[in-house]
Every structure is written in structure tokens, then in C-alpha cells.
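Visitor: I should like to learn how to read a ligand site. Please take me through one example.

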Amino acid sequence: MSRLVVVSNRVSVPKAQSAGGAQGGLAVALLAALRESRGIWFGWSGEETEAFEGKIDFQRHDGVTTATIDLEPQDVEEYYNGYANRTLWPLFHFRIDLTEFERDFGKGYERVNDRFAQNLIPLVEPEDLIWVHDYHLMPLGERLRSLGAKNRIGFFLHIPWPPTSLFVSLPYHARLVRTMLSYDVIGFQTVQSLDSFLYYCEKELGAEVDGRTIHFEGRSVRADAFPIGVDFEEFTAFEGSGDARQAEQRILSSSRGRKVIIGVDRLDYSKGLPERFDAIGRFFDLHPERTAKTLFIQIAPPSRQDVGSYQEIRAELESMAGRINGARSEVDLVPIRYVNQGYPRRELFGFYRAAHVGLVTPLRDGMNLVAKEYVAAQDGEDPGVLVLSQFAGAADQLDGALSVNPHSHESMTEAIREALDMPLDERVGRWQGMIDNLRQEDVSWWRDRFIAALKG
Ligand code: GDG
């Protein structure tokens with residue numbers, strides 16, 4: 001069996017089972033494959049060092065080796081906060097207005113990809129399968145090839161691939177995609193992203209595209225859609241846990257009979273939070289009699305706080321929540337609870353389960369696992385309703401959701417009303433249509449399909 005080498009910006013160190021629920025489904029699935037193949041997970045430690053001198057920190061936990069390197073402050077600024085999170089993330093989420101094109105960001109990105117390759121290559125054995133993750137590391141395969149790697153190397157993009165008309169606004173776009181064609185397999189979340197990529201390769205690079213195979217300068221690359229799933233077994237097993245039950249009770253008792261609408265998102269402008277808050281405010285305006293009967297809970301742990309646009313959206317949401325509550329609260333009633341902290345996954349399960357409506361309305365999302373977790377956490381006898389943005393990758397699979405256009409407040413307020421009023425038989429029918437998909441196309445299915453494609 002070939003050894004698996006996973007490479008991603010950050011590395012998830014295995015945690016003991018007793019910490020169950022601390023680790024997301026993706027990490028658990030990759031760690032299981034690494035354990036089985038005695039593989040390595042390589043990436044950035046998350047730490048800074050004044051001058052990088054080639055030190056790799058090896059750790060072995062629970063049958064998995066992690067290998068991490070520190071980055072210099074300039075690297076973190078230009079590669080991570082810069083090119084990854086100020087250039088590629090906004091552009092790939094269709095936010096050209098927030099995209100910053102700085103020459104130094106691009107240089108830092110290439111420098112760190114070089115550094116990853118130089119430090120990884122001595123650890124790679126000839127038969128290893130190498131699986132590179134996400135937009136931080138798009139050129140890594142080409143860097144590894146230039147250092148002599150002949151291995152099968154695959155790349156999976158967790159975020160959307162933008163349409164060509166948008167992508168070509170990136171300076172040196174062709175250079176970036178040419179490096180990607182050094183991979184053997186390139187995976188996307190959706191067929192839409194896949195098609196955008198194939199179109200770009202054909203029209204802009206002049207590659208020959210035959211179905212899902214790209215022929216370019218003597219190489220053949222397989223591109224495909226591999227929609228990521230949740231760790232269905234692990235997540236649904238929380239049903240029996242005391243922490244999940246307590247969390248459910250916390251919401252049920254404090255909501256005092258009101259119907260609960262929940263949102264759970266990293267605080268990120270791609271998640272459509274201002275539009276969601278606006279829709280909630282408008283929903284209360286349209287249906288004032290429901291203000292006392294409905295509670296909206298938004299859990300939004302802050303992320304990427306070194307980036308200005310993230311500080312701005314945080315301030316914007318604080319003021320929106322304050323305004324909406326200020327205009328509608330009573331001494332004993334607050335319609336929105338806006339929480340800037342994260343919770344253990346077990347508790348999230350309980351929160352999802354207590355909510356009558358899961359409101360998942362990103363403006364753009366590669367997949368969106370919260371939508372899948374919300375459905376997985378429901379009680380099949382009395383399930384809640386998922387309201388899902390048409391612009392989340394998950395919309396392709398979750399066809400039992402109420403689909404909304406998050407840019408349209410009419411679409412949002414109407415879907416919220418419909419979800420709150422939906423009769424039991426319709427809720428059960430919609431839920432049943434989705435739960436089978438979540439069980440079958442779970443995170444192990446995703447991982448195994450990608451690895452099978454990588455093996456060729
Ligand atoms: C990227 C892509 C793609 C959230 N709050 C808490 C918490 N979470 C967990 C959720 C979920 C995960 O974080 C978020 O995943 P998403 O898929 O929703 O979004 P991104 O972070 O943007 O992820 C996305 C994903 O990669 C995978 O390919 O689906 O499209 O953007 O699992 O539950 N976890 C804990 N406490 C919280 O408060 N423990």
C-alpha cells in the first residue's frame with residue numbers, strides 16, 4: 001500500500017478520542033487514511049520565526065507523523081494574510097471589490113511554496129501518493145516536480161473556482177494555472193467549478209480538453225468534481241452524548257417556546273452574514289406578531305483578524321445586531337443572539353438539533369459543511385428545515401432544502417416564513433431525501449474517491 005503524504009497550509013495534530021468532537025470531519029478522515037498508510041501530514045506550524053533555518057518539527061501521535069515548519073513574519077504577511085487571504089480568497093469568492101493585487105504578495109506566495117517544496121522533498125519516498133490541499137498551495141506540485149518528484153501528486157481546491165471572466169483579472173493567471181497542470185489529479189467541490197477550470201484551460205491556455213482530461217505540453221491531467229461530505233457516523237453519534245443533550249436543552253429552555261432559527265459560520269464576508277441579518281430584520285418588520293415567537297441565534301467565531309476586511313465585517317455585524325435588537329427588544333425579549341465564540345462540535349450538534357430552521361446563506365461557498373451538519377443533526381421524526389443559498393456547493397446535493405438567493409431579501413424572508421410554517425409531513429419528506437445522500441456521500445467517500453483517482 002502506497003504511503004500517503006498530505007500537504008496543507010495548517011496541519012491538524014491528532015487528538016485523543018477523549019477530546020472527541022474537538023476535531024472536524026475533514027481532519028478525522030485524513031488522519032484515518034494517514035494512520036492506515038503510515039503517512040505524513042506536512043504544513044505550516046502556525047508559528048513565526050525570525051529567520052527560518054530549515055528546522056522541521058516532527059511529531060508522532062496516534063500512528064500519524066506530522067511535520068511542520070515555522071514561517072518568517074514577512075512570509076506570513078505576504079503569503080498567508082496577503083496572497084492567500086487578500087488576493088485569492090476574495091477573488092475566488094467573486095469579491096473583486098475586496099481583492100488586493102500586490103506584487104509582494106505574489107512573490108511571498110511563490111517563496112513559501114518553494115520553501116514547502118524544499119523542505120518536503122527529502123521526506124518523500126518514490127512510491128508515496130502526495131495530496132496537496134487548497135488555494136494556499138496551488139503551485140506546490142510544480143515546485144516538487146522541479147525538484148525531481150516523479151510521484152503521483154493530486155490537488156484539491158476547497159473553495160470555488162471562479163469563472164474565466166473574473167479569474168483573468170488576476171495578474172499572472174496563466175502562470176498559476178500552468179503550474180497546476182503539473183498535478184496528476186485536480187479536484188473541485190462542484191461540476192460548476194470543474195467546468196470553469198476546463199473552460200479556462202481550453203480557451204486561455206489552448207490546452208486540449210477531452211471530457212475531464214486536460215492534455216497540455218505532453219502531460220495529461222485528470223480534473224473532476226469530488227464534493228466533500230461530513231463524517232456522518234462520528235457526527236450523528238453525538239446524539240447520545242450528554243454534552244449534546246445539554247446544549248440542546250440550553251437553547252430549548254432559554255428560548256421559552258419560541259421557534260429557533262440558527263446560523264453557524266466562521267465570521268467571513270463570503271458567508272453572507274450582513275444580508276442574513278438584514279433579512280431577519282425585514283422578516284420581523286413584515287411579521288411583527290412573530291417577533292415574540294421567533295429567536296435568531298447566530299454563532300460566528302472570528303477568523304483571520306489580521307485582515308482589514310474581516311475587522312470591518314465584524315464591526316458591521318455588531319452594529320447591525322445592535323440596531324435590529326434595539327428596535328425590537330422588550331425587557332424580557334431579545335430577537336437576535338449574536339455570539340462571537342466557537343463551541344465544541346458536540347455542543348454544535350445540540351444547537352442544530354434544537355433549531356427549527358438552519359439558515360445557511362453564503363454569497364459563495366465551495367461546499368459548506370454547516371448545511372450538511374444541520375441536516376445530519378435533525379431528529380427524523382420531527383426534523384427542522386434547511387434554508388440554503390443557491391450559491392453554496394452543497395446546494396447540488398441537498399435538494400430537500402428551501403433554496404434562496406441571499407442577495408434578494410424577498411427570497412430570504414419568504415423562505416424563512418415558509419420554513420417556520422412547514423408542516424411535519426413535508427419536513428420529514430425533505431429531510432429523508434437528504435439524509436441518505438449525507439450518509440452515502442460522507443467524508444470517507446470523498447477521501448476514498450480522491451485517493452482512488454490519485455492512484456490512477
Ligand atoms: C472551507 C470552504 C468547504 C463553525 N463554527 C464552529 C465550528 N465550525 C465548523 C463547522 C464546519 C466548519 O467549521 C466550517 O466549514 P464550512 O464548510 O462551513 O466552511 P469553511 O470554514 O469556509 O471551509 C467550504 C470546506 O472548506 C471544506 O472543504 O465546505 O466551502 O470555504 O464543520 O461545524 N466548529 C466548532 N465550533 C464552532 O463554533 N468546533
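Guide: We begin with location. In this predicted model, the ligand sits in the largest pocket.

Visitor: Which residues come nearest to the ligand?

Guide: A residue belongs to the surroundings if one of its heavy atoms lies within 4 Å of the ligand. Here 20 residues are around the ligand, and those that come nearest are His158, Tyr343, Asp365, Leu369 and Glu373.

Visitor: How do the residues of the shell divide by chemical character?

Guide: Ten residues of the shell are nonpolar, five are polar and five are charged.

Visitor: Which polar atoms of the protein should I examine beside the ligand's oxygen and nitrogen atoms?

Guide: A polar contact is a pair of N or O atoms within 3.5 Å. Asp365 has a side-chain N or O atom 2.5 Å from an oxygen atom of the ligand. Gly366 places a backbone N or O atom 3.1 Å from an oxygen atom of the ligand. At Tyr343, a polar backbone atom is 2.5 Å from a nitrogen atom of the ligand.

Visitor: How much of the ligand's accessible area does the protein cover?

Guide: On its own the ligand has 740 Å² of accessible area, of which the protein covers 82%.

Visitor: Which helices and domains supply the shell around the ligand?

Guide: At least two residues of the shell come from each of helix 12 (345-354) and helix 13 (369-376). Domain 1 (4-229 + 443-455) and domain 2 (238-440) each contribute at least three residues to the shell.

Terms used. Residues are numbered from 1 along each chain as its sequence is written. This is a predicted model: local features need pLDDT of at least 70, side-chain atom pairs count only at pLDDT 80 or more; totals for chains, interfaces and linings use all residues. Side-chain values use heavy atoms; hydrogens and water are left out. A polar contact is a pair of N or O atoms within 3.5 Å; within protein, one must be able to donate a hydrogen and the other to accept it, and residues adjacent in sequence count only if both atoms are side-chain atoms. Accessible areas come from the Shrake-Rupley method with a 1.4 Å probe; for residues, only the protein chains shown count as cover. On a 1 Å grid over the protein atoms alone, a cavity is a set of points where a 1.4 Å probe fits but cannot get out, and a pocket is an open set with protein on both sides within 12 Å along at least five of seven lines; lining residues have an atom within 4 Å of a point. A molecule sits in a cavity or pocket if more than half of its atoms lie within 2 Å of its grid points. Helices (H or I, at least four residues) and strands (E, at least two) are DSSP runs, numbered from the N terminus. Ala, Val, Leu, Ile, Met, Phe, Trp, Tyr, Cys and Pro count as nonpolar, Asp, Glu, Lys and Arg as charged, and the others, Gly among them, as polar. Domain bounds come from an automatic or database domain assignment.
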